[in-house]
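Reader: I am new to reading structures. Could you take me through one part of this one, slowly enough to follow?

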Amino acid sequence: MSAVAAPADRRFRRAHVKPARKGTQRWRALASPIVKHVALAAAVAYTLYRVSAMAADAQTLRVDRIVVGGNERISREKVVAALSGLRGESILRTDLEAWRARLVASPWVRDAALRRSLPATVEVVVWERQPIGIARISGDMYLVDERGVIIDRYGPQYADVDLPIIDGLGAAPGKNGAMTDQTRAELAARVVAELKTRPAVAMRLSQLDVTNAHDASVILSGDRAVIQLGEDQFLQRLQAYLDLAPALRERVEEIDHVDLRFDDRIYVRPAKAEKKPKPRR
């Protein structure tokens, strides 16, 4: 029998494969569950989005009722009319701020707040403008607030409103298209506000003239005299006149004009005596 030749090199030959680094293996082990969780979270978020979108479009979550509060002069019907189109909107998606902006465009509405009340109600709270007087502009009468904003044309529906007539508020032609002058409106507002602190005096205010933006004049009920008050200390000066009026009447029976702008002096102009017609011979 012939012998079998064995290889001379008895060393074990390893495969030429480099082992993976430990850091890479650890990163892959950590990244795999993170990727799975992110994918799961994305799927859940998308599902919730689709569910919320479907819910927003559901008939039960559409505005079906509008509740109005805080209104006194402006009727509920006018508030709802200003929000025409809100009924039937998705209560979750509708832009309440845009609807609020439409509502405050109403002359009577100074501010408003809208709130969702699921499933189908929008609650509206209104803060109205407070008129300070009846402005006489170009022969027409308007209710105005402290900023000179025209609230409404004065008419029989406001017969219960007891406010002074304000002259001189009309703006110059072409002045920003506004009907009233803001500077003179602010003067009128300061006069009214200061006199309100003493109701007994405020209730006698019959007319207010702010034609001169630095000199307010008033006429009191039961007194035909035009009283100049200047641009400050309105109540103090008017009260001084009321305290002295009986003594002034003893000296001047009919007073046409009183100037109170000077703190230490009062100027009085008597009314012109009416000429009596001569008797016929």
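Author: What follows is a close look at one sheet, with a short stop at a single histidine afterwards. Keep in mind that this is a predicted model.

Start with the sheet. It is open and has three strands. Their order is β1-β3-β2, and the pairing is mixed. Now look at the edges. β1 covers residues 65-69, and β2 covers 109-117. Each has a single partner strand, so one side of each is left without a neighbour in the sheet. Neighbouring strands here are turned against each other by 20° on average, direction ignored.

What holds strands of a sheet together in general? Strands pair through backbone hydrogen bonds, either parallel or antiparallel.

Take β1 and β3 next. β3 spans residues 121-128. The two strands run parallel, and five bridges join them. You can find one end of a bridge at Arg65, whose partner in β3 is Thr121.

A helix belongs in this picture too. Helix α3, residues 96-104, lies across β2 and β3. Against β2, α3 runs at about 150°.

Now the histidine. His257 sits in strand β11, which covers residues 255-259. Is His257 buried or exposed? Its relative accessible area is 18%. Buried means under 20%, so His257 counts as buried.

Which residues does His257 touch, leaving aside its neighbours within four places in sequence? The contacts are Val226, Gln228, Tyr267, Val268 and Arg269. Pick out Gln228. Its side chain makes a polar contact with the side chain of His257, at 2.5 Å.

Methods: Residues numbered from 1 in each chain as written. Predicted model: local features only at pLDDT ≥ 70, side-chain atom pairs only at ≥ 80, totals over all residues. Heavy atoms only, no water. Pairing = 2+ DSSP bridges. Helix = DSSP H or I, 4+ residues; strand = E, 2+ residues; numbered from the N terminus. Axes fitted to C-alpha atoms, helices over the stretch in contact; angles between N-to-C directions. Contact = heavy atoms within 4.5 Å. Buried < 20%, exposed > 50% of the residue type's maximum accessible area, 1.4 Å probe, protein only. Polar contact = N/O pair within 3.5 Å; in protein donor to acceptor, adjacent residues only side chain to side chain.
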